[in-house]
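Below is a colleague's note on the model, set out as numbered points. Please read each point with the coordinates open.

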Amino acid sequence: MKHVTLPVSPKTVHWGYFSKKVAPALTLRSGDRATIETLTHHANDDYERMIQGDPGAESVFHWTREHKAVARRGSGPVEGPFIRGAGEGIGVHLLTGPVAIEGAEPGDILEVRILDVRPRPSCSACHAGRCFGSNVAANWGFHYHDLIEEPKPREVVTIFELDTAGEPHAKAVYNYVWTPQTDPDGIVHPTIDYPGVRVDHGTIKKRENILSSVKVPARLHFGTMGLAPSEADFVSSIPPSYTGGNIDDWRIGKGARMFYPVAVPGAYFSVGDPHAAQGDSELGGTAIETSLTGDFEFILHKKADLAGTHLEGLDHPMLETDHAWSFYGFTYPNYLAALGADAQTEIANHSSLDRAMRDAFRKLRRFLMTVHRLSEDEAISLLSVGADFGVTQVVDANWGVHGTIRKSIFRCD
């Protein structure tokens with residue numbers, strides 16, 4: 001077993017997509033561990049607090065008219081003319097990786113253990129040692145066309161400070177309404193429509209003393225984590241799918257073990273979209289988006305060894321903790337295969353919690369019948385009286401419902 005560190009840099013991140021075509025930033029064997037740095041793609045909502053003085057963050061976010069350190073942001077075209085920029089923001093999350101796993105082949109299962117998660121402190125002289133994150137009530141949020149106060153519509157950015165002394169929590173520092181921002185290439189962004197645009201704080205009005213009596217419990221986790229799909233060379237990081245991705249479940253933090261079906265040789269694991277806190281549904285559009293560093297262990301389960309284990313027949317992401325298993329249902333289990341050539345943009349027209357709930361039910365039923373050898377009638381009874389279903393997210397186009405079954409249910413006296 002070896003343990004290596006993967007820092008953030010323009011050479012170790014890819015922005016807005018999973019890909020089987022990107023050269024691995026790191027290659028490991030089953031049983032190896034890695035410390036992986038991740039950055040939030042919302043860091044430029046407050047450059048001073050979340051980027052300034054941080055060499056890794058500054059190198060990744062560097063963007064002038066002369067040089068854009070990470071040019072492609074999204075799975076869209078890389079040759080202009082562009083509406084927004086290379087990649088067109090069809091996918092937004094900064095991902096570190098890919099990490100290739102020696103010997104991984106389609107049909108295998110990659111287990112990713114999250115051993116620890118730590119916030120990335122601000123390097124700004126004014127805020128040294130403190131940690132910050134951004135929450136955005138955005139145009140893709142569930143609430144956006146259901147506002148009751150003026151102006152309507154509006155996007156609002158709230159900056160939080162993360163206190164890690166004692167029981168970690170986040171407190172709001174200030175918020176502001178998004179105003180049109182002009183990027184270094186001269187493109188105007190009237191809404192939040194392309195990742196990494198630096199907000200000119202001379203154009204916004206800070207509103208302080210907000211949420212003054214509120215402390216949000218920290219739930220450090222990774223919103224986007226998974227493997228490269230096989231269906232396309234570049235796949236948007238926004239909709240989750242059968243190889244994981246933007247699941248946005250706050251339970252995917254320290255102590256969690258995620259299982260993903262391998263779709264391409266090497267598996268090609270990537271991680272990002274780090275969060276300080278999030279509730280089920282991520283209703284307004286984002287969590288508290290912050291930068292985190294995680295310690296990971298990778299275990300490869302070969303296809304030939306899966307029969308008779310709890311991984312038998314697994315063709316979708318699964319979460320295991322010491323206390324429970326969780327299964328993720330989506331509007332489409334594999335939207336890339338279901339919706340054809342335009343799937344990455346077309347999926348937003350099909351968002352449905354009804355379909356996601358049915359998918360979660362079917363996946364958990366299969367688990368109970370295959371792994372725990374229940375009859376269908378036994379499984380359905382147990383699902384109704386002993387399983388918990390919740391809304392994972394309603395903002396990632398391929399909406400999500402998680403179904404959880406507690407391990408203690410199966411421990412009979």
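1. For helix packing, angles under 35 degrees count as roughly parallel, over 145 as roughly antiparallel, 65 to 115 as roughly perpendicular and the rest as oblique. Helix H5 (residues 353-370) and helix H6 (residues 376-386) pack at about 125°, and their axes lie 9 Å apart; H5 and H6 are therefore oblique to each other. The axes are lines fitted to C-alpha atoms over the stretch in contact, with angles running from 0 to 180 degrees between N-to-C directions, and the helices (H or I, at least four residues) and strands (E, at least two) are DSSP runs numbered from the N terminus.

2. On the basis of the note: this is a predicted model, in which local features need pLDDT of at least 70 and side-chain atom pairs count only at pLDDT 80 or more, while totals for chains, interfaces and linings use all residues. Residues are numbered from 1 along each chain as its sequence is written, and side-chain values use heavy atoms, with hydrogens and water left out.

3. H5 passes H6 in a right-handed crossing (the near helix is turned clockwise from the far one by less than a right angle). The contact, meaning heavy atoms within 4.5 Å, is made by Phe 361, Leu 364, Arg 365, Leu 368 and Met 369 on the H5 side and by Glu 376, Ala 379, Ile 380, Leu 382 and Leu 383 on the H6 side. By class, these contact residues are 8 nonpolar, no polar and 2 charged, where Ala, Val, Leu, Ile, Met, Phe, Trp, Tyr, Cys and Pro count as nonpolar, Asp, Glu, Lys and Arg as charged, and the others, Gly among them, as polar.

4. Open and closed spaces were found on a 1 Å grid over the protein atoms alone: a cavity is a set of points where a 1.4 Å probe fits but cannot get out, a pocket is an open set with protein on both sides within 12 Å along at least five of seven lines, and lining residues have an atom within 4 Å of a point. Grid points are joined across faces, edges and corners, and a volume is the space filled by probe spheres set on the points.

5. The largest pocket holds about 860 Å³ of space. Its lining has 43 residues, with Gly 89, Val 92, Asn 139, Trp 140 and Ile 238 nearest the centre, and it divides into 17 nonpolar, 17 polar and 9 charged residues.

6. For the second largest pocket the volume is about 510 Å³, and among its 29 lining residues Asn 135, Ala 137, Val 156, Thr 158 and Leu 211 lie nearest the centre. Strands S8 (131-137), S9 (156-163) and S10 (169-177) are the elements that give two or more residues to this lining, whose classes are 14 nonpolar, 9 polar and 6 charged.

7. There are 2 cavities of 30 Å³ or more. The largest cavity, of about 100 Å³, has a lining that includes Thr 40, Arg 49, Asp 54, Arg 120 and Phe 132. The second largest cavity holds about 70 Å³, and its lining comprises 7 nonpolar, 5 polar and no charged residues.

8. Which peptide bonds are cis and merit a look at the backbone? The bond from Gly 97 to Pro 98 is cis, with omega near 0°, and Pro 98 lies in strand S6 (residues 94-101); a cis bond also joins Glu 150 and Pro 151, where Pro 151 lies in the loop between S8 and S9.
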